[in-house]
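Please open the model in the viewer and keep the sequence at hand. The tour below proceeds by selection, from the whole chain to individual residues.

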Amino acid sequence: MIVRTLTGFARGLVLFGLAATQVVILAVALVAFTLTFGLGLVFLFPMSVRMVRGRTRQARRIAGMWAGVTIDAPYRPTPPPPVPQRDGWYREGRQLYRTSMIPNFNRTLDWMIKDPATWRDYAWLIAEPVVGGLIAASPLLMVGYGVLLARVARPVEVLAGLVLAACGVLIAPRVPRVHGLWTKLLLAPTQRARLLNEVRHLTQARTEAVDAQAAELRRIERDLHDGAQARLVAIGMTLGAAEELVESDPRAAKALIAKVREASAASLVELRQLVRGIHPPVLAERGLGDAVRALALDSPLEVTVSVDLPARAEAPVESAAYFVVSELLTNAGRHADARSVTVDISNRGAALRLTVTDDGHGGADPSKGSGLQGIERRLAAFDGVLALNSPEGGPTTAVVEIPRAFPGIVGGGVVPRRKVRLMAVCWGLFWLPLFPQGLVALVMKIFGVDERSWFLALYLPEVLQLPVIFAMIALGGGMAAYGMRVSRQLKAAGEACA
């Protein structure tokens, strides 16, 4: 507890220092903004925006490290670089340019100005020295003011000072969390930005799925052409030769017919393998667990399969998971020289999780292998992710998670954004009605202290003072209770999504 409190004070002091020094960045940004839109010095605006985004990137990183508040970057994708025409000139609107410098600058400037996240960054930059600085410095202010009150050496002031100092000590560990939530209020992506990013992600996933499907069709066509089709043509030619030899050389004809029988059996095996590569029958009939067990039996490696699923996933998800495991087993045997592999299939809420571990030499890298890139493309269609840990010397562990694989299972929940905002306000201001305007004013009222100071209730008529004091205590306590309740909901939702 002491370590948490001291850490809270230290982090609050650092956050306050950052908020105070941010005034310099704000001044430079405002000067650049004025020169850009006042005097037309547009080349200053991108530089100032990058400076501001560097500060907001630092704030998001601090919120994630100190408060556990994950804040995604809300910016729109960077515009693509201009492409020259056949004659080597670059067209921007009705203008032609010899180099790409001006068209690229115009695109960048237009991207920054039209991105709402740019102006939210500026809003946070302006408000942070006041709001963020007050949140960060509130424990120190409460302890400092409490010490000043206690030095008066009168019983009431000493009691009020001790209460304030104790409150400052109690809220110090929570300051980074409250500051992180305040940062998330302005620097997190808006609902519109999330939807736009989701549309872009879905468009990219659809393109990759179409490309993967086209590649799969080409593979099937190639396998049919080079394998089964060639064997069937050879069977037809052999049967024709046997037909000509039936009367003149029956023994040779029988030998050719025997070869035809062997070739037809081999063709049947190839066709079965091809069908298994398209969609294994055992996967459709028995589900993912038994399909992976059958895959393990056919593998030359020593494969241990563990399955713990509450129900069958949707058919497309099962198919994607099956081929992911198949590709990982192939990589383990072909590239990692592994002898044994462990496959664990389970769920985390509504998500399907696959963990494949082999004892190979490691060194797997998605950027160097088309197989792992194919896995990522296949998973992208389902918003799935691949996490790979493959140090040199092994072992290699691949963790695949596909969200929303079990629609009937609800994992956790999503706390509405308005609740998070209200919780941040409650955590930041609950102490004001609860302690100075509530408990401390109550103590001063009971002991009949004439000093009114800034205690609002003591300026009211006598009949209203106690009701207002109790109302302040109830308000502060209710704000603290609401903040704790929503914090628990956020924690539960985070654990469910982890």
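Begin with the whole protein chain: of its 498 residues, 37% count as buried, where buried means under 20% relative accessible area, exposed means over 50%, and partly exposed lies in between (1.4 Å probe, protein chains only). This is a predicted model, in which local features need pLDDT of at least 70 and side-chain atom pairs count only at pLDDT 80 or more, while totals for chains, interfaces and linings use all residues. Residues are numbered from 1 along each chain as its sequence is written, and side-chain values use heavy atoms, with hydrogens and water left out.

Colour the chain by secondary structure to display 15 helices and seven strands; helices (H or I, at least four residues) and strands (E, at least two) are DSSP runs, numbered from the N terminus. Among contacts between residues at least 6 apart in sequence, 69% join residues at least 24 apart, a contact being heavy atoms within 4.5 Å.

**First stop: helix 4 and helix 5**

Select residues 116–150, which form helix 4, and residues 155–171, which form helix 5. How far apart are the axes of helix 4 and helix 5, and at what angle do these helices pack? The axes are 7 Å apart and the angle is about 160 degrees. Axes here are lines fitted to C-alpha atoms, for helices over the stretch in contact, and angles run from 0 to 180 degrees between N-to-C directions. Helix 4 and helix 5 are therefore roughly antiparallel to each other; angles over 145 degrees count as roughly antiparallel, under 35 as roughly parallel, 65 to 115 as roughly perpendicular and the rest as oblique.

The crossing of helix 4 and helix 5 is left-handed, that is, the near helix is turned anticlockwise from the far one by less than a right angle. Now show the side chains of the contact, which include S138, P139, M142 and V143 of helix 4 and E157, V158, A160 and G161 of helix 5. The residues of this contact divide into 13 nonpolar, four polar and one charged. Ala, Val, Leu, Ile, Met, Phe, Trp, Tyr, Cys and Pro count as nonpolar, Asp, Glu, Lys and Arg as charged, and the others, Gly among them, as polar.

**Second stop: helix 2 and helix 6**

Move to helix 2 and to helix 6 (residues 175–187), whose axes come within 9 Å and cross at roughly 140 degrees. That angle makes helix 2 oblique to helix 6. This crossing, too, is left-handed. On helix 2, select T56, A59, R60, A63 and W66; on helix 6, select P176, G180, T183 and L187, and the contact is in view. Its residues comprise five nonpolar, three polar and one charged.

**Third stop: the salt bridges**

The structure holds seven salt bridges, each defined as a side-chain nitrogen of Lys or Arg within 4 Å of a carboxyl oxygen of Asp or Glu. Keep R60 selected and add D121: the two form a salt bridge, with the closest N and O atoms 3.7 Å apart. R60 lies in helix 2 and D121 in helix 4, so the pair ties together parts that are 61 residues apart in sequence. Are R60 and D121 buried or exposed? Both are buried.

Next, select D115 and R53, whose side chains meet in a salt bridge (3.7 Å, N to O). D115 lies in the loop between helix 3 (101–114) and helix 4, and R53 in helix 2 (residues 44–66), so this pair joins parts that are 62 residues apart in sequence. D115 counts as buried at 2% relative accessibility, and R53 counts as buried at 8%.

For a pair within one helix, select D110 and K114, which meet in a salt bridge at 3.2 Å, N to O. Being four residues apart in helix 3, D110 and K114 are separated by about one helical turn. D110 is partly exposed, with a relative accessible area of 38%, whereas K114 is exposed, at 53%. Then select R286, D290 and R293, which are linked in a network of salt bridges.

**Final stop: D337 and D344**

Select D337, in the loop between helix 11 (315–334) and strand 4 (340–348). Its phi is near 55 degrees, a positive value in a residue other than glycine. D337 is exposed, with a relative accessible area of 55%.

Finish at D344, in strand 4, which counts as partly exposed at 27% relative accessibility. D344 and V307 are 37 residues apart in sequence and 6.0 Å apart in space, C-alpha to C-alpha. Leaving aside its neighbours within four places in sequence, D344 is in contact with S306, R353, L354 and T355.
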